[in-house]
Amino acid sequence: MAEVIERAVAAAPPVLTGTDHVELWVGNARQAAHYYGSTFGFDVIAYAGPETGLRDRASYVLEQGRVRLVLTAPLHPEGELAAHVHRHGDGVRTIALRVEDATAAFEGALARGARAVEEPRTVEDSHGALRYAGIATFGDTVHRFVERDEYSGPHWPGYRAERRPGGGVGLRHIDHTVGNVELGAMDSWVDFYREVFGFHVFQEFDEQDIATRYSALRSKVTRDQRTRITFPINEPAEGLRASQIQEYLDYYGGAGVQHIALHTDDIVESVFAMRERGVEFLTAPSAYYEEIATRVREHGVSEDLDRLRELSVLVDFEDGGYLLQIFTRPVADRPTLFFEVIQRKGAKGFGKGNFKALFEAIEREQAARGNL
Ligand code: FE2
């Protein structure tokens, strides 16, 4: 650790300018692209595969607002892509971060203790050149630094533009991306984001905040002060029965991305549209809405409480405002990755007041799977 800190003084942390994209490695990218298009309303904007000269994979680029997802599937059983899908099922491989200088970001990260995954590389086509490099984070997850100021193509050299509109449901940008790590590993991954990226710890939660009768977790929220890129890190805590985080780790085969939270400016419209399109959400019991009715009035919540109840949208209150949020069921058969839809109205937190209702909903599902 002393060595890490010594090297840390020598190099500046990577200067991030935003999230570039999130890449999921999946078993069947064509069907996954159809799913995220028809249910979440994403447009398919680019494609790469055998038709564009890629021999080992097919890759679809989806976009809505400033959210860009890349879905990639292997065409052969060999190689790290197929191995990743075999081990983890569908899941997030890469959280790509936009930088002005990929080499400097990569070298700065390495000097501050990160492990290299992809050496800096320039790739080009008729739309210009793009430079990238990658470092390891928790599990088999990767952070890629992407420098694309000189690139004007639809996504990445080798991809062709596609026009398959998904219609949109009002999703605007990624609010946060959460990692689940093994019991006892949270603090070292929080240190990783502090030391390598210069992030600070924005909030933390422990078993007292996040405990139901059965499951418990600990969580620390790390954040880049400049861009507000936010990575909460969870670890399981000892509960009476299996923590939902442990269930994730068991089915994912280790640490990985638990959920991606997408911001909307109108959660009632977005969630209504997503439900109509077939997205499955966790539900809150009627008692939850009776419990919050007084605070909904006190905080001047402008959304109709009955409407929130119909849609199972949760509300959490802070001094400065409130937030509205809802969680999907896992998006594949393994109980691993899911999505959150969130609307912030002056609140900066993560729905602490909703943890109990949320976890009880998750536990009902865990029980149905025989994992509680
Ligand atoms: Fe979240």
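This section describes the interface between the two assigned domains of the chain in a predicted model.

The domain assignment places residues 2–164 in domain 1 and residues 171–369 in domain 2. The C-alpha centres of domain 1 and domain 2 are separated by 24 Å. In the contact between them, 47 residues belong to domain 1 and 41 residues to domain 2.

The size of an interface is often expressed as the accessible area that is lost when the parts come together. Between domain 1 and domain 2, about 3,400 Å² is buried, and carbon and sulfur atoms account for 66% of this area. On the domain 1 side, 20% of the area buried against domain 2 is supplied by L16, F40 and F138, more than by any other three residues.

Polar contacts between domain 1 and domain 2 number 14 residue pairs, with both residues at pLDDT 80 or more. By contrast, zero salt bridges were found across the interface of domain 1 and domain 2.

Several secondary-structure elements each supply at least two residues of the side of domain 1 that touches domain 2. The strands among them are strand 1 (16–25), strand 4 (67–74), strand 5 (91–99), strand 7 (128–136) and strand 8 (142–147). Helix 2 (29–38) and helix 3 (80–88) also contribute in this way. Strand 1 gives the largest share of this side, with six residues. Sorted by class, the side of domain 1 that touches domain 2 consists of 23 nonpolar, 19 polar and five charged residues.

Conventions: Residues numbered from 1 in each chain as written. Predicted model: local features only at pLDDT ≥ 70, side-chain atom pairs only at ≥ 80, totals over all residues. Heavy atoms only, no water. Domains from an automatic or database assignment. Contact = heavy atoms within 4.5 Å. Buried area = accessible area lost by both parts, 1.4 Å probe. Salt bridge = Lys/Arg side-chain N within 4 Å of Asp/Glu carboxyl O. Polar contact = N/O pair within 3.5 Å; in protein donor to acceptor, adjacent residues only side chain to side chain. Helix = DSSP H or I, 4+ residues; strand = E, 2+ residues; numbered from the N terminus. Nonpolar A, V, L, I, M, F, W, Y, C, P; charged D, E, K, R; others polar.
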